[in-house]
Every structure is written in structure tokens, then in C-alpha cells.
Amino acid sequence: MNDKVFDMQKYPECTTLRLVIEQGIATLWLARPESRNALNVAMCSELVQMMEALARDDGVRVIVVRGEGVAFCAGADLKERQGMSPAEMVARRVSGFTAYAAIEAMAKPVIAAVHGPAFGSGCEIIASCDFVLASSAAVFKYPEVGWGTVGATQRLPRIVGPRMTKELLFTGRAVDAQEALQLGLVNHVYGDDELEARVMEMAAQIAAANPLTVGLTKRSIDNGLETSRAGAMAVELLAIQENLRHSDWKKAIAGFGHKESPNATA
């Protein structure tokens, strides 16, 4: 895919990430292939800056996170951690937490496209995305306990449940793409030769939708899960009211039933 010309002044200069924007779809590549895209402090900082910049760009409607080279992300950069003091280790972990939170807080849809290994921090990155599309060669692993550290204890149980989370974290065993699909870690699995086309097809479909409505839907789901059933209904009602105030819903309803309408049922 050729990089589309876009206003680079809107975006930070990055050494660990590469950005491509085309037809409202921003593809953000983890770009440390020589290190299997291991997450270091620089990448953490650049992920935060890039998410903030993408949020400000009204021309971007969907974000796809991918990895260059053979891996999506092999985990944290362990070489960087050698010789760190406990205080420095805590600061390094906070940097990772901040990067994951920046992805998770993005108001626009974020899709992870995983073509190879996603270990440790790579799994945290994909858990911070809205959903995951994977190739049949994708492999997932949570090695934190084996390293003598604690991690992945919050997002993972919200995806696969507490019992399976404990199994995956305590054993650190590898999960192939098909098992990941069964567990709900990924939404779909495709052959290596069709992953990119499928990812871009779904991203284009989302990009064609009303960005306000998509954003409000995402916010309602995320916020609703963190509150009671009654509170969640209030969250949705507020989103409906905001959507009615700011979207051209009357035009959409007027077009219902016409063949040219994307929502037509005839």
C-alpha cells in the first residue's frame, strides 16, 4: 500500500511507528521489526502521541494497528529493562499502562490486525483495541508470571473470564489462532493471504458509516459495561439524544427502503 500524502505537521515524528492514511483509514504500524516490535519506552510515548493526533484529525474515521516484520509484537523490550532499579521498573510499567490506556480511550474504532506472534505487551495492545482480526499464523501468549512479574490481569478477564485468564497467566502457554477465536480473544481468523484484504474491507465499511454515530455507539458500549443496567440505559439514552441533535437522521430514515440506500431491506 502506498502512503497517502497527508499533513505530517498534525503528527509527531516517530522512530518506532509508521503511519499510513488512506480513504479515512489510518494504519498504524509497530515499526521495530528488528526487535519483533518489542514495546520499549519510546514506542509507549509515541503510541500516546499518535493516538492523540489521530483523535484530532477529522479525516480519520478508523484506525488499524499492525506489526511490521514477522511478529505483531513480541512483548516488552526485555533488553531495555536490564539493570533497571525497582523504581525505574515501575516507571517503565506505567509508560506501558499509559500507552494501552491511550488506545483504549480512542473515540474512533481501533482494529488490531495480527499476523504473527502477539506476546505479553502485544496482547495488552490488542486487548486495548475494539476488536481483533487475525491470520491463521497468529499466536498469543501471556508470559508475565514466568518472568516473575504481574500483568494482563484486568483486560483479559473482561474478554475471556476469570477462570481462563488464570489458566493463561499461570501457565503462560501459547494459544493458536483457532483457540483464540473460541476464547473470544479474536473476532475472526483468516488465511495469511487474505488477512489484509479482509481487514481493509471491514475498516472501509466502518469508515463509510456516520462517524458521530459510530463514536457514540462505542462510547455507550464501553461506558455501559462499567456501570449498572439502569446506568447503562441512561448512557445510551444520552447518546441517542446527542446523535439526534447532531446527525442527519431524518435523511437516513427518508432513504429507507430505496434500493440506493445502504440500509434498504428490499
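Strand 1 (residues 17–22) and strand 2 pair in the antiparallel sense, over six bridges. Arginine 18 has its bridge partner in strand 2, namely tryptophan 29. The structure described here is a predicted model. Two residues lie between the strands of this hairpin. One residue of the hairpin, glutamine 23, takes a positive phi near 55°. Glutamine 23 sits in the loop between strand 1 and strand 2. Its positive phi occurs although glutamine 23 is not a glycine. Most residues other than glycine have a negative phi. Glutamine 23 is exposed, with a relative accessible area of 69%.

Strand 2 also pairs with strand 3 (residues 62–67), here in the parallel sense and over six bridges. Leucine 30 has glycine 67 of strand 3 as its bridge partner. Together with helix 1 (residues 41–56), strand 2 and strand 3 make a β-α-β unit. The unit is right-handed.

Strand 2 (residues 25–30) is largely enclosed by the rest of the structure, because six of its six residues are buried. Side chains in a regular strand alternate between the two faces of the sheet. In strand 2, Ile25, Thr27 and Trp29 point one way. Ala26, Leu28 and Leu30 point the other way. Both sets are buried. Tryptophan 29, the bridge partner of arginine 18, belongs to the set with Ile25 and Thr27. Leucine 30, which is bridged to glycine 67 in strand 3, belongs to the set with Ala26 and Leu28.

A positive phi also appears at asparagine 37, with a value near 60°. Asparagine 37 is likewise a residue other than glycine. The loop that holds asparagine 37 runs between strand 2 and helix 1. Asparagine 37 counts as buried, at 0% relative accessibility. Glutamine 23, by contrast, is exposed at 69%.

At the level of the chain, the secondary structure comes to eleven helices and nine strands. The protein chain has 266 residues, of which 46% count as buried. Its accessible surface comes to about 14200 Å². Carbon and sulfur atoms contribute 55% of that surface. Among contacts with a separation of 6 or more, 64% join residues 24 or more positions apart.

Helix 4 (121–128) is mostly covered, with eight of its eight residues buried. These residues are Ser121, Gly122, Cys123, Glu124, Ile125, Ile126, Ala127 and Ser128. Glu124 is thus buried and is also part of a network of salt bridges. The other members of the network are Glu104 and Arg155.

The structure holds 13 salt bridges. One of them joins lysine 218 and aspartate 130, with the closest N and O atoms 2.9 Å apart. Lysine 218 lies in helix 9 (residues 211–225), and aspartate 130 lies in the loop between helix 4 and strand 6 (131–135), so the pair ties together parts that are 88 residues apart in sequence. Lysine 218 is buried, with a relative accessible area of 10%. Aspartate 130 is partly exposed, at 30%.

Helix 9 takes part in a further salt bridge, through arginine 219. Arginine 219 pairs with glutamate 242, and the closest N and O atoms are 3.1 Å apart. Glutamate 242 lies in helix 10, so the pair ties together parts that are 23 residues apart in sequence. Arginine 219 is partly exposed, with a relative accessible area of 36%. Glutamate 242 is also partly exposed, at 22%.

Another salt bridge links glutamate 179 and arginine 173. The closest N and O atoms of this pair are 2.6 Å apart. Glutamate 179 counts as partly exposed, at 21% relative accessibility. Arginine 173 is partly exposed as well, with a relative accessible area of 25%.

Helix 10 (residues 229–246) also holds leucine 237. Leu237, Ile240 and Leu244 form a nonpolar patch on the surface. Together the three have about 260 Å² of accessible area. An α-helix has 3.6 residues a turn, so residues three or four places apart point the same way. Leucine 237 itself is partly exposed, with a relative accessible area of 48%.

Methods: Residues are numbered from 1 along each chain as its sequence is written. This is a predicted model: local features need pLDDT of at least 70, side-chain atom pairs count only at pLDDT 80 or more; totals for chains, interfaces and linings use all residues. Side-chain values use heavy atoms; hydrogens and water are left out. Patches are made of residues with over 30% relative accessible area and no salt bridge: like charges are joined within 9 Å, nonpolar side chains (Val, Leu, Ile, Met, Phe, Trp, Tyr) within 5 Å. Accessible areas come from the Shrake-Rupley method with a 1.4 Å probe; for residues, only the protein chains shown count as cover. A salt bridge is a side-chain nitrogen of Lys or Arg within 4 Å of a carboxyl oxygen of Asp or Glu. Helices (H or I, at least four residues) and strands (E, at least two) are DSSP runs, numbered from the N terminus. Buried means under 20% relative accessible area, exposed over 50%, partly exposed in between (1.4 Å probe, protein chains only). Two strands pair if DSSP finds at least two bridges between them. A crossover is right-handed if, with the strands pointing away from the viewer, the path from the first strand over the helix to the second runs clockwise. Contact means heavy atoms within 4.5 Å.
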